[in-house]
Amino acid sequence: IKLPKVEALFPGFETLNSIQTQVFSTFYNTDDSVFLGAPTSSGKTTCALMAIVRLWQHQPRMKAVYVAPLESICKSVYREWLSTFQAVGKTCLLYTSDAAD
């Protein structure tokens, strides 16, 4: 990416995995809508972060929403992104609404 502020959002990343590599151009260089279906732990959340970074580069005041099917996933991503976003001057909030049957 070669932009230190953007690279700070991806701590510990040396390379992208095969799925991330295949979708990088679409997520990071276009405004196209994307549906990414991939197995658990295949890097979909990192792909979502690519799209959020693109949004903020072009519209810095915009907000982004990350949606996950389980509260535990939301909490995990929130903990991961909280300090990362703060480091680049962005706020990260957590909203969940799991309901009992």
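Start by selecting A68, which sits in the loop between α3 and α4. Keep in mind as you go that this is a predicted model.

**Stop 1: A68 and its loop**

A68 has a relative accessible area of 16%, so it is buried. Show its surroundings and, setting aside residues within four places in sequence, you will find A68 in contact with I73 and C74. Now add T96 to your selection: A68 and T96 are 28 residues apart in sequence, and their C-alpha atoms are 9.5 Å apart in space.

Stay in the loop between α3 and α4 and pick V65. Is V65 buried or exposed? Its relative accessibility is 72%, so V65 counts as exposed. For a distance to draw, try V65 to T15: the two are 50 residues apart in sequence, and 25 Å separates their C-alpha atoms.

**Stop 2: helix α3**

Next, select residues 44–58, which make up helix α3. With 15 residues at 1.5 Å a residue, α3 should span 21 Å, and its end C-alpha atoms are 22 Å apart, which agrees. Colour the buried residues of α3: they are T46, C47, L49, M50, I52, V53, R54 and W56.

Zoom in on L49, a residue of helix α3. L49 counts as buried because its relative accessibility is 4%. Which residues does L49 touch, not counting those up to four places away in sequence? The contacts of L49 are L9, F10, W81 and F85. For a contrast in the same view, draw a line from L49 to P39: they are ten residues apart along the chain, and their C-alpha atoms are separated by 17 Å.

**Stop 3: the nonpolar core**

L49 is a good way into the largest nonpolar core, which has 17 residues. Select L9, F10, L49, V53, W81 and F85 together; these are the residues with the most contacts inside this core. The elements that give two or more residues to the core are α2 (18–29), α3 and α4. Of these, α3 supplies the largest share of the core, with six residues.

**Stop 4: T84 on helix α4**

Move to helix α4, residues 71–87, and pick T84. With 10% relative accessibility, T84 counts as buried. Show what is around T84, again leaving out residues up to four places away in sequence, and you will see that T84 touches A8, L9 and P11.

**Stop 5: helix α2, one side and the other**

Now select α2, which has twelve residues. From its first C-alpha to its last, α2 reaches 18 Å, close to the 16 Å expected at 1.5 Å a residue. Look down the helix and colour Q20, V23, F27 and Y28, the buried residues of α2. Why do these residues share a side of α2? They cover an arc of only 130° around the axis, which puts them on the same side of α2. In an α-helix there are 3.6 residues a turn, so residues three or four places apart point the same way. Turn to the other side of α2, where S18, T21 and Q22 are exposed.

Before leaving, look at the start of α2, where a side-chain oxygen of N17 comes to within 3.0 Å of the backbone nitrogen of I19.

**Stop 6: two serines between α2 and α3**

N17 and I19 come up again when you select S42, in the loop between α2 and α3. Leaving aside neighbours within four places in sequence, S42 is in contact with N17 and I19. S42 counts as buried, as its relative accessibility is 9%.

S41 is also found in the loop between α2 and α3. S41 is exposed, with a relative accessible area of 74%. Check the backbone here too: S41 has a positive phi of about 65°, although it is not a glycine.

**Stop 7: the cysteines**

Finish by showing the cysteine sulfurs. How many disulfides are there? The count comes to zero. Start with C47: its closest cysteine sulfur, in C74, is 17 Å away, too far for a bond. C47 has 0% relative accessibility, so it counts as buried. C92 is in no disulfide either, and its nearest cysteine sulfur, that of C74, is 11 Å away. C92 counts as buried, with a relative accessibility of 10%.

Technical notes. Residues are numbered from 1 along each chain as its sequence is written. This is a predicted model: local features need pLDDT of at least 70, side-chain atom pairs count only at pLDDT 80 or more; totals for chains, interfaces and linings use all residues. Side-chain values use heavy atoms; hydrogens and water are left out. Helices (H or I, at least four residues) and strands (E, at least two) are DSSP runs, numbered from the N terminus. The expected span of a helix is 1.5 Å times one less than its number of residues. Buried means under 20% relative accessible area, exposed over 50%, partly exposed in between (1.4 Å probe, protein chains only). Contact means heavy atoms within 4.5 Å. A nonpolar core is a set of buried Ala, Val, Leu, Ile, Met, Phe, Trp, Tyr and Cys residues joined through side-chain atoms within 4.5 Å. The arc is that of the directions from the helix axis to the C-beta atoms. A polar contact is a pair of N or O atoms within 3.5 Å; within protein, one must be able to donate a hydrogen and the other to accept it, and residues adjacent in sequence count only if both atoms are side-chain atoms. A disulfide is a pair of cysteine sulfur atoms within 2.5 Å.
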